[in-house]
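User: Please take a close look at one part of this model, the largest pocket, and describe what surrounds it. A short word on the surface elsewhere would also help.

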Amino acid sequence: MNRGCRANKTGFVLETTVEGTLRGHGYLEICPQLPKKRKRDWLLISTENPKRYAKQVYIGSSIYETEINVDFYIVNSGLFPLGLIVECKWQEDKGSVDEKYPYLNLNIKNCYGVPTIVIVGGDV
């Protein structure tokens, strides 16, 4: 298996772990069938469950004017009514780490607009 495939697989495992943790704490995934660009609005106005999340949610443009889709957008009416973003990043080797994390950091500071947690996994 080449590095790209391995990174995608292990990144998927990391995201699955986060999702399992959310579900284990009573969070409900809503609107999985909606297009990425409609999920955030639906997530924020929904009253389906006070503890809810969506995966791969479009939140706007990046510092380079490209689309940003976050891994998890979580809403808890008591703790973070406007949302919490969780990003999962897997780094298997030194490759792009010097570009990936500064870019992510600048996007979080300038474009995300809600508190964000970055979960990092890998061998580096």
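Analyst: The model is predicted. A convenient place to start is Asn-107, which sits in helix α3, the stretch covering residues 97-112. Asn-107 has a relative accessibility of 3%, and because buried means under 20%, this residue counts as buried. Setting aside neighbours within four places in sequence, the residues in contact with Asn-107 are Ser-62, Ile-63, Ile-68 and Tyr-112.

Asn-107 also belongs to the lining of the largest pocket. That pocket holds about 180 Å³ of space. Besides Asn-107, its lining consists of Ser-62, Thr-66, Glu-67, Ile-68, Asn-69, Glu-87, Lys-89, Lys-100, Tyr-103, Leu-104 and Tyr-112. Two or more lining residues come from each of β3 (67-76), β4 (80-91) and α3. Helix α3 gives the largest share, with five residues. Ser-62, Ile-68 and Tyr-112 therefore appear twice in this account: they are in contact with Asn-107, which is buried at 3% relative accessibility, and they line the largest pocket.

As for the surface elsewhere, Trp-42, Leu-44 and Ile-45 make up a nonpolar patch, and their accessible area together is about 300 Å². Leu-44 lies in helix α2, which spans residues 36-45. Its relative accessibility is 33%, so Leu-44 counts as partly exposed, whereas Asn-107 in the pocket lining counts as buried.

Note on methods
Residues are numbered from 1 along each chain as its sequence is written. This is a predicted model: local features need pLDDT of at least 70, side-chain atom pairs count only at pLDDT 80 or more; totals for chains, interfaces and linings use all residues. Side-chain values use heavy atoms; hydrogens and water are left out. Helices (H or I, at least four residues) and strands (E, at least two) are DSSP runs, numbered from the N terminus. Buried means under 20% relative accessible area, exposed over 50%, partly exposed in between (1.4 Å probe, protein chains only). Contact means heavy atoms within 4.5 Å. Patches are made of residues with over 30% relative accessible area and no salt bridge: like charges are joined within 9 Å, nonpolar side chains (Val, Leu, Ile, Met, Phe, Trp, Tyr) within 5 Å. Accessible areas come from the Shrake-Rupley method with a 1.4 Å probe; for residues, only the protein chains shown count as cover. A salt bridge is a side-chain nitrogen of Lys or Arg within 4 Å of a carboxyl oxygen of Asp or Glu. On a 1 Å grid over the protein atoms alone, a cavity is a set of points where a 1.4 Å probe fits but cannot get out, and a pocket is an open set with protein on both sides within 12 Å along at least five of seven lines; lining residues have an atom within 4 Å of a point. Grid points are joined across faces, edges and corners, and a volume is the space filled by probe spheres set on the points.
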